[in-house]
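User: I want to learn how to read the features of a protein model. Can you take me through one, step by step?

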Amino acid sequence: MYNEEKLRRKEITETTMNKRRTSESPRNSRSTRASQQVRKSRTQYSSGNPGSFRDSRGSRCSGSLQKPMNKRRQEKLRRQRRKRNLCYGILAAITLLVFSLTVLGISRLLPDRVRDGAEQVSEDSGTQVTTTLSQPEMNASGTKDFFKEITLRGWQSDSQGIRYIAADGTSYGKGWHDIDGSQYYFDENGYVKTGWHVIDGKDCYFDESGKYDSEKVRPMIALTFDDGPGKYTEELLECLEENNAKATFFMLGQNAERYPNTVKHMEKLGMELANHTYDHPILTNLSSTQISNEIEKTSRIIERIAGKAPASMRPPGGAFNHTVRSVSGLPIIMWSIDTKDWKTKSEDMTYRCVMDNARDGSVVLMHDIHQWSAKAAIRMIPELVAKGFKLVTVEELARAKGITLENGKAYYYFGEGTQQVE
Ligand code: NI
């Protein structure tokens, strides 16, 4: 009972002190909480074992209240320390995270270029053509140069094409070069050729990366122009020359006499000069002598102008019979694609007809005396070349297909299977 009295007194003293403390410092609300805990503890004490009690955390306390208070202060200090340590920990973690992200960012930026550079040098097969890497915008120009130095190895691509920079930093000069078992042909600026090219007289195909494909056979077609020459023929010749293309002109003797310079120009450009009679009669209506005169006269005119006689003929209207065959004295060249340009009088339809039907071995019929036909031809020639066609003369086409043209025999098409576009 004495102890109880003593405790109550102490509690009163403590409560007073706590109240004072609370009024002095409103921040010290923990002290209030502490006194409440004491009260709670006391309740436990009064109802339990009188010799000892447990505080709210269950730690055993001695009879003195000063000790729990010290403990609480220590506990408070510990909490503060934990809190501080936690703050430091979070700060360290954030710093580490930021640092890691920075390193990761730089490493992603750097090795990409370093790796690409290495790949370009070591794995420089034709299919591994890589585009020029755009240089990252950086403040330090030294770093920029460093990247540039790394990327300037192996395959490079720019607006002019694809080139190869050897390990010593030089690009290949004009000609054939073997890189990793594949053949490439470089132009004078060190860029690889792509698509079809005639190299040393041979058609060579290079894929998109510039790799030579010896298996690829170039499709060939023969554009033929009848009834000229005419006033649009020169323009057409220019276009053919520009595109390194050839064509066959089935000329009327009377028009060759009218445009001798054009005939000469044709010969100079390597076009085929062919016979379409003197004044375009339907030969099947003529006698053998008349047929022979029409053809002979024209051949002599062309030979006189160009120094070379025609090696083939085409009967006007495509009309021939046994007599024409036997007296022509030349192979008879017909066609596999009839543009019907004379009938449609349409540049678009003429153009479309050829673009839609041209295939290896095709012989195309057009007339260079019509403006729409000349325009259609000028439009289609570069496009046919771009599509991979080689535009050749009938003579060249036959030779390329291993066909020997025979006098009096009619030819329509030189490709696989048959073709007859009307
Ligand atoms: Ni004709």
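**Reading the fold, step by step**

Analyst: Start with burial. Buried residues account for 30% of the 422 residues in the protein chain. Keep in mind that this is a predicted model.

User: How many helices and strands does the protein chain have?

Analyst: The protein chain has 13 helices and 17 strands. Next, look at contact range. Take the contacts between residues at least 6 apart in sequence: 65% of them join residues at least 24 apart.

User: Now helix packing. What describes two packed helices?

Analyst: Two values: the angle between the axes and the distance between the axes. Here, helix H5 (residues 233-242) packs with helix H12 (residues 371-386) at an angle of about 5 degrees. Their axes are 10 Å apart. Angles under 35 degrees count as roughly parallel, so H5 is roughly parallel to H12.

User: Which residues make the contact between H5 and H12?

Analyst: From H5, Glu235, Leu236, Cys239 and Leu240. From H12, Ala374, Ala377, Ile378 and Ile381. By class, the contact of H5 with H12 has 7 nonpolar residues, no polar ones and 1 charged.

User: How do I tell where the buried residues of a helix point?

Analyst: Use the helix repeat. An α-helix has 3.6 residues a turn, so residues three or four places apart point the same way. Now the case. In H5, the buried residues are Thr233, Leu236, Leu237 and Leu240. Seen down the axis of H5, they fall within an arc of 100 degrees, so they line one face of the helix.

User: What covers the buried residues of H5?

Analyst: The cover includes strand S11 (247-251), helix H7 (260-268) and H12. Also check the backbone just after H5: Asn244 takes a positive phi of about 50 degrees there.

User: S11 is a strand. How does S11 run relative to S12, parallel or antiparallel?

Analyst: S11 and S12 run parallel, joined by 4 bridges. As for individual partners, Phe249 has Leu273 as its bridge partner in S12.

User: Which residues are buried on each side of strand S12 (residues 272-275)?

Analyst: Glu272 and Ala274 are buried on one side. Leu273 and Asn275 are buried on the other. Both faces of S12 are thus covered.

User: Show me a hairpin. How many residues lie between S3 and S4?

Analyst: There are 2 residues between S3 and S4, which form a hairpin. Strand S3 (residues 154-158) and strand S4 (residues 161-165) run antiparallel, with 5 bridges joining them. In this pairing, Gln156 stands opposite Arg163 of S4.

User: And a whole sheet. In what order do the strands of the open sheet with S8 come?

Analyst: The order is S7-S8-S9, with antiparallel pairing, in an open sheet of 3 strands. Strand S7 (195-199) and strand S9 (212-213) are the edge strands, each pairing on one side only. S7 pairs with strand S8 (residues 202-206) over 5 bridges, in the antiparallel sense. One such partnership puts Gly195 with Phe206 in S8.

User: Last, a single residue. Why is Ile179 classed as partly exposed?

Analyst: Count its neighbours. A residue is buried at 20 or more other C-beta atoms within 10 Å and exposed at 12 or fewer. Ile179 has 18, so Ile179 is partly exposed. Ile179 sits in strand S5 (residues 175-179). Its C-alpha atom is 9.4 Å from that of Tyr164, and the two residues are 15 residues apart along the chain.

How values were computed
Residues numbered from 1 in each chain as written. Predicted model: local features only at pLDDT ≥ 70, side-chain atom pairs only at ≥ 80, totals over all residues. Contact = placed C-beta atoms within 7 Å. Pairing = 2+ DSSP bridges. Axes fitted to C-alpha atoms, helices over the stretch in contact; angles between N-to-C directions. Parallel < 35°, antiparallel > 145°, perpendicular 65-115°, else oblique. Nonpolar A, V, L, I, M, F, W, Y, C, P; charged D, E, K, R; others polar. Arc of directions from axis to C-beta.
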